[in-house]
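Here is a short set of exercises to work through with the model open beside you. Try each task before reading its solution.

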Amino acid sequence: MKKIQISPSILSADFSKLGEEVVELEKCGANLIHCDVMDGVFVNNITFGLKMVADLRKITDLPLDCHLMIVHPEKYVERFAKAGADIITVHYEACQDNLKEVLALIKSAGAKCGAVINPDTPVEKIADVIPMCDMVLVMSVFPGFAGQKFIPEALDKLRQVKAIVEKCGKDIDIEIDGGVTEENVEEIKRAGANVVVAGNTIFKAQDKTACIAKLKA
Ligand code: DX5
Ligand code: ZN
């Protein structure tokens, strides 16, 4: 079994002191930093973009796990890679028939690539591109906001993704994003996720180190 990695979502951080928050997450045992990029079109919220990623790159050595919730990701993926994103994930729903090309663009820009599916998109839609991904991200909430409730149907999708990954025999990470808690993380990991995103659970914890350790255990 792959080692569990925790990718705290900075969407739940206080943006007015984001640098300090990221440095703290690193000290508390985070493995990656999950950067939720939202454009107000693909999702009903706006967060941050290229400059934030470039500035975060200067203050942490942790891999920046950039989840693009934007339309026309093909226009931006190379610039996110240049800004310092280590992993760039793009939504099937934003790329549709272009997904293969966008993933290839990310790879050629030197970053790891991943495909994301929303809760109402079946795994079959990305089955053919999974072998070219470094990571597959299964959304367990509809993207846009932190602090939503985990949609349990995601567990079955994790199992389906895991079966495809095992069949192709490649080293592909499986990430879950949305509504992860200390209570449901066990079954999420059992279903196949090895990269766990958590926003509110980590940022609302009294002790972030203990919380991250519990999510990993
Ligand atoms: C939702 C984002 C998630 C979110 C996770 O659109 O992609 O990364 O911030 O936050 P929690 O863990 O609070 O659901
Ligand atoms: Zn996310």
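**Exercise 1. Is Asn118 buried or exposed, and what is its relative accessible area?**

Solution. Asn118 has a relative accessible area of 9%. The cut-off for a buried residue is under 20%, so Asn118 counts as buried. Please keep in mind that this is a predicted model.

Next, place the residue in the fold. Asn118 sits in the loop between β5 (112-117) and β6 (135-139).

Finally, look for its neighbours, leaving out residues up to four places away in sequence. Asn118 then touches Phe42, His91, Glu93, Met139, Pro143 and Lys157.

**Exercise 2. Find the aromatic pair and work out its geometry.**

Solution. Start with the count: the structure holds 1 aromatic pair. The ring centres of Phe15 and Phe48 are 5.7 Å apart, and the ring planes meet at 65°, so the pair is edge-to-face. The cut-off behind that step is a plane angle over 60 degrees.

Now see what the pair connects. Phe15 belongs to the loop between β1 (5-8) and α1 (18-27), while Phe48 belongs to the loop between β2 (33-38) and α2 (50-59); the pair therefore ties together parts that are 33 residues apart in sequence.

Last, compare the cover of the two partners. Phe48 is buried, at a relative accessible area of 9%, whereas Phe15 is partly exposed, at 36%.

**Exercise 3. Where does Gly49 lie, and which residues does it touch?**

Solution. Gly49 lies in the loop between β2 and α2. Its relative accessibility is 27%, which makes Gly49 partly exposed.

For contacts, set aside residues up to four places away in sequence: Gly49 touches Val37 and Phe80.

Then take a distance across the model. From C-alpha to C-alpha, Gly49 and Thr181 are 27 Å apart, with their positions 132 residues apart in sequence.

**Exercise 4. Two residues that are not glycine, His72 and Gln96, deserve a look at their backbone. What is the phi of each?**

Solution. Take His72 to begin with: its phi is positive, at about 50°, although the residue is not a glycine. His72 is placed in the loop between β3 (64-69) and α3 (77-83). With a relative accessible area of 42%, His72 is partly exposed.

Turn to Gln96. Its phi is likewise positive, at about 50°, and Gln96 is not a glycine either. You will find Gln96 in the loop between α4 (92-95) and α5 (99-108), partly exposed at a relative accessible area of 41%.

**Exercise 5. How far apart in space are Asn98 and His72, and how far apart are Lys75 and Val102?**

Solution. Begin with Asn98, which is in the loop between α4 and α5 and is partly exposed at 37% relative accessibility. The C-alpha atoms of Asn98 and His72 are separated by 9.8 Å, and the two residues are 26 residues apart along the chain.

Move on to Lys75, in the loop between β3 and α3. Lys75 is exposed, at 53% relative accessibility. Between the C-alpha atoms of Lys75 and Val102 the separation is 9.2 Å, for residues that are 27 residues apart along the chain.

For contrast, try Asp128, in the loop between β5 and β6. Asp128 is exposed, at 52% relative accessibility. Its C-alpha atom is 33 Å from that of Glu182, and the two are 54 residues apart in sequence.

**Exercise 6. Describe the whole protein: what are its secondary structure and its compactness?**

Solution. Count the elements: there are 9 helices and 8 strands. The radius of gyration is 16 Å, close to the 17 Å that the globule rule gives for 217 residues, so the protein is as compact as a globular protein of that length. Along the principal axes, the C-alpha atoms fill a box of roughly 40 × 35 × 30 Å.

Consider the interior next. Buried residues are 53% of the 217 residues. Of the contacts with a separation of 6 or more, 66% join residues 24 or more positions apart.

Finish at the surface and with the charges. The protein exposes about 9800 Å², of which carbon and sulfur atoms supply 51%. There are 26 positive and 32 negative charges, and their mean positions are 3 Å apart.

Technical notes: Residues numbered from 1 in each chain as written. Chains lettered and ligands numbered in written order. Predicted model: local features only at pLDDT ≥ 70, side-chain atom pairs only at ≥ 80, totals over all residues. Heavy atoms only, no water. Helix = DSSP H or I, 4+ residues; strand = E, 2+ residues; numbered from the N terminus. Rg over C-alpha atoms; globule rule 2.2 N^0.38 Å. Buried < 20%, exposed > 50% of the residue type's maximum accessible area, 1.4 Å probe, protein only. Contact = heavy atoms within 4.5 Å. Areas by Shrake-Rupley, 256 points an atom, 1.4 Å probe, with all protein chains shown as cover. Lys, Arg positive; Asp, Glu negative; His and termini not counted. Charge placed at Lys NZ, Arg CZ, Asp CG, Glu CD. Phe/Tyr/Trp six-rings, centres within 6.5 Å; stacked < 30°, edge-to-face > 60°.
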